[in-house]
Amino acid sequence: MINGLNHITLATHDVVRSFIFYTDMLGARPLARWDKGAYLLLADVWLCLSLDRDAPPPAANYTHIAFGVRDEKFAAMVEKLQNAGVIEWKTNTSEGASFYFLDPDGHRLELHDGDWQSRLAHYRQNPPPGMVFYPAADTSADIKPSRPQTPRSEN
């Protein structure tokens, strides 16, 4: 059974550039750096930067890494990133404040001030078509999770 997220490794074309971006822009705590990589901590997430000059650009789809930011720090972090000229790759249309941006290698990142509980609370009030809630998502004794409906045979 999985007991948590162990680490995230991102390929980079320039370890020093990425190291500076993650430490200076996002506040990552440096653990180690060497010629071909670095280990950082973003809150309790272990991030590995790995030199790979032949790596293709990251996929241009919705796959991304979202980092939590407390509400009182969110606007200042976004302003800092915008002032540094990061590229914004998506405008937020979901619950909570989010800022979607690219790192120096084009990895898609997000700052988000919510969590899975706030997201599910939003969708309990505004469920998209076909959404099903499971018992593990029920963190409140007064909320009954919905169950998938089994189609009935019409004989």
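**View 1. Arg 124 sits over the face of Phe 133.** The distance here is 4.5 Å from the ring centre. A charge counts as over a ring if NZ of Lys or CZ of Arg is within 6 Å of the ring centre and within 35 degrees of the ring normal. Lys 90 takes up such a place over the face of Tyr 100, at 4.9 Å from the ring centre. A word on what you are looking at: this is a predicted model, where local features need pLDDT of at least 70 and side-chain atom pairs count only at pLDDT 80 or more, while totals for chains, interfaces and linings use all residues. Residues are numbered from 1 along each chain as its sequence is written, and side-chain values use heavy atoms, with hydrogens and water left out.

**View 2. The protein as a whole has 3 helices and 8 strands.** Helices (H or I, at least four residues) and strands (E, at least two) are DSSP runs, numbered from the N terminus. Follow the chain from that end and you meet the elements in the order β-α-β-β-β-β-α-β-β-β-α. Of the 155 residues, 33% count as buried; buried means under 20% relative accessible area, exposed over 50%, and partly exposed in between (1.4 Å probe, protein chains only).

**View 3. The largest nonpolar core holds 28 residues.** Such a core is a set of buried Ala, Val, Leu, Ile, Met, Phe, Trp, Tyr and Cys residues joined through side-chain atoms within 4.5 Å. Phe 21, Tyr 22, Leu 26, Leu 81, Phe 101 and Leu 111 touch the most other members. Among the elements that each supply at least two residues are strand E1 (7-12), helix H1 (15-25) and helix H2 (71-83). The largest share, 5 residues, comes from H1.

**View 4. Helix H1 brings Phe 21 among its partners.** The buried residues of H1 are Val 15, Ser 18, Phe 19, Phe 21, Tyr 22, Thr 23 and Met 25. Leaving aside neighbours within four places in sequence, Phe 21 is in contact (heavy atoms within 4.5 Å) with Leu 26, Leu 81, Val 86, Phe 101, Leu 102, Asp 103, Pro 104 and Leu 109. At the start of H1, a side-chain oxygen of Asp 14 comes to within 3.1 Å of the backbone nitrogen of Val 16. Just after the helix, Gly 27 has a positive phi of about 80 degrees.

**View 5. Aromatic rings meet in 7 pairs.** Rings of Phe, Tyr and Trp (its six-membered ring) pair if their centres lie within 6.5 Å; planes under 30 degrees apart count as stacked, over 60 as edge-to-face and the rest as tilted. Tyr 62 and Trp 89 have ring centres 6.1 Å apart and planes at 65 degrees, so this pair is edge-to-face. The two rings link distant parts of the chain, 27 residues apart: Tyr 62 is in the loop between E4 and E5, and Trp 89 is in strand E6 (residues 88-90). Tyr 62 is partly exposed at 48% relative accessibility, whereas Trp 89 is buried at 18%. Phe 99 and Phe 101, by contrast, are stacked, 5.6 Å centre to centre with 20 degrees between the planes. Both of these Phe residues are buried, and together with Phe 21 and Tyr 22 they form one aromatic cluster.

**View 6. Ala 43 lies in the loop between E3 and E4.** Most residues other than glycine have a negative phi. Phi of Ala 43, though, is positive, near 55 degrees. Ala 43 is exposed, with a relative accessible area of 74%.

Key. Polar contact = N/O pair within 3.5 Å; in protein donor to acceptor, adjacent residues only side chain to side chain.
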